[in-house]
Amino acid sequence: MPAKDRLHDVVVRALRKDGWSIKTEQAAIILPERRLWIDIQAEKKPQRLMILVEVKGFEHMPSPVEYLAAAVGKYALYRAALDFLKIHMPLYMAVPIFAYNGILSEEVGKQTLQRVGIRLIVFDPELEEIIAWID
C-alpha cells in the first residue's frame, strides 16, 4: 500500500464533519495486471451516496506545474481504471484551499481541471472542514 499524503487524516476528519462515514482507507482497485490504491472511500447515509477521494496536498513542491501534472495524471489513471471495471462511483480530488487559490485558479489549472473533468473537494486544513464541492 502506498504512503498516505500528509493531509490524508485532515480530509478524513473534514469528511466526517460533513456527515460522511469512511468506509475504507486505501481502497483497492484491482485490474488484471495491476492493483491501484485510492485514498478514501466514503459513504453518506441515508442518501446512500458513495464516493472515492484522492488526496493531494500540493505542498513542498519544487514545481507546481509538475505536481499538477502528476496529480492530474493519477486522477485520469484512476478514472480510466474505474471505467474499465464499470465502477460508477464519483471520484474526487481533495485539495487544500491554498492549492485551489494557487495553481488551480490559474488558467493552466482551470483549463486542466475542465479538460480532464476533475471533481474537487476543497478543504481548509487548519479548520479541518470542507469549503466547497466542485463538480
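**Exercise 1. Classify K56 as buried or exposed, then describe its surroundings.**

Step 1. Take the relative accessible area of K56: 11%. Buried means under 20%, exposed over 50%, and partly exposed in between, using a 1.4 Å probe and protein chains only. K56 is therefore buried.

Step 2. Check the basis. This is a predicted model, where local features need pLDDT of at least 70, side-chain atom pairs count only at pLDDT 80 or more, and totals for chains, interfaces and linings use all residues. Residues are numbered from 1 along each chain as its sequence is written, and side-chain values use heavy atoms, without hydrogens and water.

Step 3. Place the residue. K56 lies in the loop between β3 (49-55) and α2 (64-84). Helices (H or I, at least four residues) and strands (E, at least two) are DSSP runs, numbered from the N terminus.

Step 4. List contacts (heavy atoms within 4.5 Å). Leaving out residues up to four places away in sequence, K56 touches D5, Y67, A71, K74, M93, A94, V95 and P96.

**Exercise 2. Compare the settings of Q26 and R48, two residues with positive phi.**

Step 1. Read the angles. Phi of Q26 is near 60°. Phi of R48 is about 60°. Neither residue is a glycine.

Step 2. Locate them. Q26 sits in strand β1 (residues 21-30). R48 sits in the loop between β2 and β3.

Step 3. Add accessibility. Q26 is buried at 7%, whereas R48 is exposed at 76%.

**Exercise 3. Which residues does a cis peptide bond join?**

Step 1. The bond joins K45 and P46, with omega about 0°.

Step 2. P46 belongs to the loop between β2 (35-44) and β3.
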